[in-house]
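Colleague: I'm still new to reading structures, and I'd like a close look at one part rather than a quick tour of everything. Could you pick out the strand pairing in the first chain and walk me through it, with a little of what surrounds it?

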Amino acid sequence: MNIIETKKLTKYYGKSLGIKDVDLSVQEGEIFGFIGPNGAGKSTTIRTLLGLIHPSGGSATIFGKDITKFGPEIKEEVGYLPSEVFYYDNMKVIDLLRYSASFYKRDKKQVRKRIGELAEYLDLDLKKKIDDLSYGNKKKVGIIQGLLHEPKLIILDEPTGGLDPLMQQRFFDLLREENKKGATILFSSHILSEVQKLCNRVAIIKDGKIIRVEKISNLIENTHKRIKLDLAGPVDKKVFAGLKGISDFKVVGKSISFLYRGRVNDITKVLAKINLSNMLIEEPDLEEVFLHYYKTDEE
Amino acid sequence: MNIFRRELRAYRVSTIIWVVSFAVMVYMFLMIFTSFTKDIKDSQRLIVNLPAAVRAAFDISIKNFFTIYGFFAYLLSFISLTGAVQAMNLGVGIISKEDSGKTSDFLLTKPISRSKVITSKMLAALSIILITNIIFNISALITARIVVSGNLDIKLFLLLSATLLMVQMFFLALGFLMAVILKKVKSVVAVSLPTVFTFFIIGALGAIIGDDKVRYLSPFKYFDSAYIIDHAGYEVNFLIIETIFVIVAVSLSYLIYIKKDIKAAA
């Protein structure tokens with residue numbers, strides 16, 4: 001069964017386009033990535049699914065129910081974490097979480113227990129006032145708030161900002177655990193590596209349109225690496241001649257920089273032949289991926 | 001129910017402050033009434049010598065001013081003004097705070113329909129206004145009992161003091177409507193104060209000019225105290241106008257709030 005299904009979902013803000021003809025289907029039990037540069041329409045899609053904004057065209061269902069007709073019913077089983085979390089400043093964390101829990105038809109004792117467990121796991125002091133929390137700690141409140149009712153669908157809109165690497169790890173572990181228990185996850189991000197770490201499939205959105213839906217395994221094979229080399233000897237371009245998947249090749253003095261798309265083994269064999277003084281292999285940022293991969297792909 | 005409870009809690013302190021100020025105002029004013037009526041001749045001369053325009057602006061009726069009802073009505077014109085501010089702050093604030101505090105994302109992704117959210121908020125605001133009025137009426141009655149030695153027409157007295165409720169209902173409804181119409185409410189007071197004072201000034205100017213039609217433009221003049229004292233009732237046409245306004249404003253607020261796109265916080 002498809003947990004989320006959108007058909008030609010379209011949203012205009014006045015005359016400016018948010019998303020156009022978005023077709024998505026997220027299957028039960030999936031961790032589905034939703035990736036694209038800022039302003040591509042990720043949040044617009046998510047906010048439409050959540051009923052925060054109203055679609056201008058098309059339709060969408062969650063759990064097989066129409067989002068415009070069954071909003072409250074659907075949200076009983078949805079947990080949402082936005083990129084920027086804002087809560088009532090003068091409330092204590094525990095009061096906020098209990099207030100949040102009071103909206104769901106759940107056993108009170110069990111929810112309270114779960115709040116306690118999650119807070120302990122994420123190392124969050126429940127007695128503090130929201131106002132006194134750091135950005136990262138507010139994020140933790142958001143995570144607990146999104147998970148306390150053990151939703152069947154977890155929607156995350158660029159959720160990792162403000163979390164330190166350790167917390168991010170714990171957060172991802174938590175999501176994997178929820179996924180194992182049966183939760184479906186929609187995870188939006190503009191950071192490719194994040195999505196790669198967590199997701200099974202990914203939809204790529206650009207300028208309001210879905211340009212591709214791929215399995216992560218494909219994407220990892222096809223992904224680009226930005227490779228920067230400092231050579232000890234003179235530059236010999238011929239070494240790279242036999243290698244496929246090289247683009248944006250630049251030589252400045254004794255430094256070479258290029259994007260590589262292909263198997264890692266192939267490139268390491270080539271690199272082994274060169275006398276290097278330094279080497280850097282980086283994840284290209286998303287803009288670069290779009291610029292060099294998807295553009296050339298469309299041609 | 002949880003939203004309703006939370007809102008009552010959130011407005012607890014401010015409501016107490018408003019109620020106490022009203023009670024103190026009514027107590028002090030009616031105490032002045034005692035000393036005022038002691039030397040009634042001097043006081044009367046003082047009032048009569050005031051220019052007619054000033055008397056009109058301040059709602060002073062020579063005939064009634066020295067009765068408890070007339071004096072109370074005079075006090076009510078001020079209490080209504082402050083009460084209007086309370087009601088409008090409440091109406092604008094209770095709805096717009098989710099927007100300005102960026103908590104709409106939290107609240108509206110909960111399993112509750114928007115119409116239930118706004119209903120809870122409106123009912124909470126209405127309850128706060130009703131509580132305010134009940135306490136105000138009780139404290140006014142008690143004070144009047146202390147001040148007046150003879151008979152007190154309780155029905156007339158309550159009819160007068162209920163004009164506070166009528167004015168507050170108008171501004172509460174107007175507050176709801178403005179909260180959903182305005183794109184962004186940075187400061188509640190910056191919306192409510194100018195609105196309330198504009199209506200108050202229109203009403204006062206109308207009274208000075210002596211043009212009865214201006215009364216239709218200002219809710220402060222819908223329930224004329226002289227008329228109430230003479231007829232022991234409200235003017236029906238204004239009662240109808242107020243009712244229609246409240247119904248229309250509340251319905252529009254509903255419709256707009258339910259259809260509204262919630263902007264992303266950031």
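Modeller: Sure, let's start with the chain as a whole. Chain A has 10 helices and 14 strands, and keep in mind that this is a predicted model. Its C-alpha trace spans about 70 × 45 × 35 Å along the principal axes. Of its 299 residues, 37% count as buried. If you take the contacts in chain A with a separation of 6 or more, 72% of them are between residues 24 or more positions apart.

Now for the part you asked about. Look for strand β13 of chain A, residues 255-261. Strand β11(A), residues 224-231, runs antiparallel to β13(A), and 7 bridges join the two. To find your place in that pairing, go to K228(A): the residue standing opposite, in β13(A), is S257(A).

β13(A) also pairs with β12(A), which covers residues 246-252. This pairing is antiparallel too, with 5 bridges. Here you can use V252(A) as your marker, since its bridge partner in β13(A) is S255(A). β12(A) and β13(A) form a hairpin with 2 residues between the strands. One detail to check there is G253(A), which takes a positive phi near 60°. While you're looking at strands, here's a handy rule: in a regular strand the side chains alternate between the two faces of the sheet.

Next, the surroundings. Chain A meets chain B through 20 of its own residues, which are in contact with 19 residues of chain B. On the chain A side, α1 (42-49) and α2 (71-75) each supply at least two residues. α2(A) gives the most, with 3 residues. Sorted by class, the chain A side has 12 nonpolar, 4 polar and 4 charged residues.

Since we've reached chain B, here's a helix pair to set beside your strands. The axes of α8(B), residues 154-181, and α11(B), residues 236-259, come within 9 Å and cross at roughly 25°. Angles under 35 degrees count as roughly parallel, so that is how α8(B) and α11(B) lie to each other. The crossing is left-handed. Residues making the contact include F170(B), L174(B) and L177(B) of α8(B), and F245(B), A249(B) and I256(B) of α11(B). By class, the contact has 16 nonpolar, 1 polar and 1 charged residues.

To come back to your strands: β13(A) pairs with β11(A) and with β12(A), so try tracing both pairings, starting from the markers K228(A) and V252(A).

How values were computed. Residues numbered from 1 in each chain as written. Chains lettered and ligands numbered in written order. Predicted model: local features only at pLDDT ≥ 70, side-chain atom pairs only at ≥ 80, totals over all residues. Pairing = 2+ DSSP bridges. Helix = DSSP H or I, 4+ residues; strand = E, 2+ residues; numbered from the N terminus. Contact = placed C-beta atoms within 7 Å. Nonpolar A, V, L, I, M, F, W, Y, C, P; charged D, E, K, R; others polar. Axes fitted to C-alpha atoms, helices over the stretch in contact; angles between N-to-C directions. Parallel < 35°, antiparallel > 145°, perpendicular 65-115°, else oblique. Left-handed = near helix turned anticlockwise from the far one by under 90°. Buried ≥ 20, exposed ≤ 12 C-beta atoms within 10 Å, placed from the backbone.
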